[in-house]
Amino acid sequence: MVDRAAGLTARVLGAAAGGGFPQWNCGCRLCRLVRAGDPRVRPATQVSIAVSANETEWIVVGASPDLRQQILQTPSLWPRAGLRDSPIAAIVLIGGDVDALAGLLVLRERQAFTVFAPRPMLDLLDENRIFDVLDPTVVRRETLVPLEPVPCGGGLVLTLLPMPGKVPLYLEDRGASEPEPGANYAALLEANGRSVIIAPACAEITAAVRRQLSRADLVFFDGTLFTDDEMILAGLGQKTGRRMGHVPVSGPGGTLEGLADLPGRRMLVHINNSNPIWHLDSPERRQVEAAGFEIAYDGMEVRL
Ligand SMILES: [Zn+2]
């Protein structure tokens with residue numbers, strides 16, 4: 001008999017990048033196919049991933065603006081007993097972008113849990129009074145120090161891993177032509193001898209990144225764009241993926257090449273609505289799968 005309590009479970013609450021899939025104001029080919037109900041493309045909400053070592057307490061990495069809908073769609077995150085309850089023991093913030101933290105606002109209602117975040121992200125919360133809807137006397141804010149493991153609830157140990165990145169878009173100088181380097185992070189969660197890394201944003205695959213990611217049985221990695229100039233070619237924007245702080249999936253220095261030798265399972269997540277891998281019949285999707293990578297989707301569950 002499989003002992004479900006002895007491993008580690010990761011549940012993808014949302015697999016899409018900022019804007020979701022379809023994006024509310026996007027008329028690109030893929031977004032239109034989703035709205036038309038084409039079975040070859042699945043709609044997806046913005047990235048959050050829940051992890052548990054015991055299936056009763058969950059740590060949610062990333063607070064997507066879709067978190068309320070994601071909880072409604074996930075019975076294991078519903079109240080267990082009593083008039084006020086949540087299996088969510090903690091939220092881990094690893095990015096300062098809107099799609100990575102705005103979901104905190106839907107968790108008001110005086111429910112106790114802990115927010116773990118590195119200092120720059122806690123500063124964002126402290127500076128923006130709207131986040132005080134999470135009463136600080138009820139919702140604890142704990143500072144994460146890079147590379148220092150901390151117990152984060154439910155028997156899980158959390159380690160913050162630094163990743164190459166840039167500052168959130170809304171903090172950039174509006175006229176900036178180059179990305180402003182900034183703190184960016186991945187989360188390593190470990191329990192019962194199993195480990196998962198959640199890295200939805202990474203600007204470059206360096207030797208240090210590869211070394212960090214090699215530690216995990218499963219890595220959820222930045223799958224924002226298939227090609228660096230995808231947004232430009234599609235007429236959707238003027239920025240390359242690298243300019244936005246995301247290494248492309250394909251091409252020289254891309255993810256398929258850079259993470260080809262990783263020992264654990266590799267799963268693409270934080271997929272932008274312009275990315276052709278969303279289409280189940282696309283050659284790009286086949287290329288990703290042939291390279292030994294998997295593609296996350298909303299509701300996907302992985303047991304380690
Ligand atoms: Zn679109």
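Colleague: What makes the arrangement of the four donor atoms around the zinc ion tetrahedral?

Modeller: It's the angles. In this predicted model, the four donor atoms subtend 100 to 120° at the zinc ion. Four donors count as tetrahedral if all angles lie between 85 and 135 degrees, so the arrangement is tetrahedral.

Colleague: Which atoms are the protein donors of the zinc ion, and how do you know they count?

Modeller: They're the SG atoms of Cys 26, Cys 28 and Cys 31, plus OD1 of Asn 273, lying 2.3 Å from the ion. The cut-off for a donor here is within 2.8 Å of the metal, so these N, O or S atoms qualify. Along the sequence, the donor residues are spaced C-x1-C-x2-C-x241-N.

Colleague: Why is Cys 28 called buried?

Modeller: Its relative accessibility is 13%, and buried means under 20%, so Cys 28 counts as buried. Cys 31 passes too, with a relative accessible area of 0%. Away from that list of donors, Cys 152 is buried at 5%.

Colleague: How many disulfides does the structure hold?

Modeller: Zero. A pair of cysteine sulfur atoms would have to be within 2.5 Å to count.

Colleague: How many helices and strands does the protein chain have, and why call the chain as compact as a globular protein of that length?

Modeller: There are eight helices and 14 strands. The radius of gyration is 18 Å, close to the 19 Å from the globule rule for 304 residues, so the chain is as compact as a globular protein of that length. Also, 53% of the 304 residues count as buried.

Notes: Residues are numbered from 1 along each chain as its sequence is written. This is a predicted model: local features need pLDDT of at least 70, side-chain atom pairs count only at pLDDT 80 or more; totals for chains, interfaces and linings use all residues. Side-chain values use heavy atoms; hydrogens and water are left out. Donors are N, O and S atoms within 2.8 Å of the metal (3.2 Å for Na, K and Ca); water is not among the atoms, so sites may look incomplete. Four donors count as tetrahedral if all angles lie between 85 and 135 degrees; four count as square planar and six as octahedral if opposite donors are over 155 degrees apart and all others between 65 and 115; anything else is irregular. Buried means under 20% relative accessible area, exposed over 50%, partly exposed in between (1.4 Å probe, protein chains only). Helices (H or I, at least four residues) and strands (E, at least two) are DSSP runs, numbered from the N terminus. The radius of gyration is taken over C-alpha atoms; the globule rule is 2.2 Å times the number of residues to the power 0.38.
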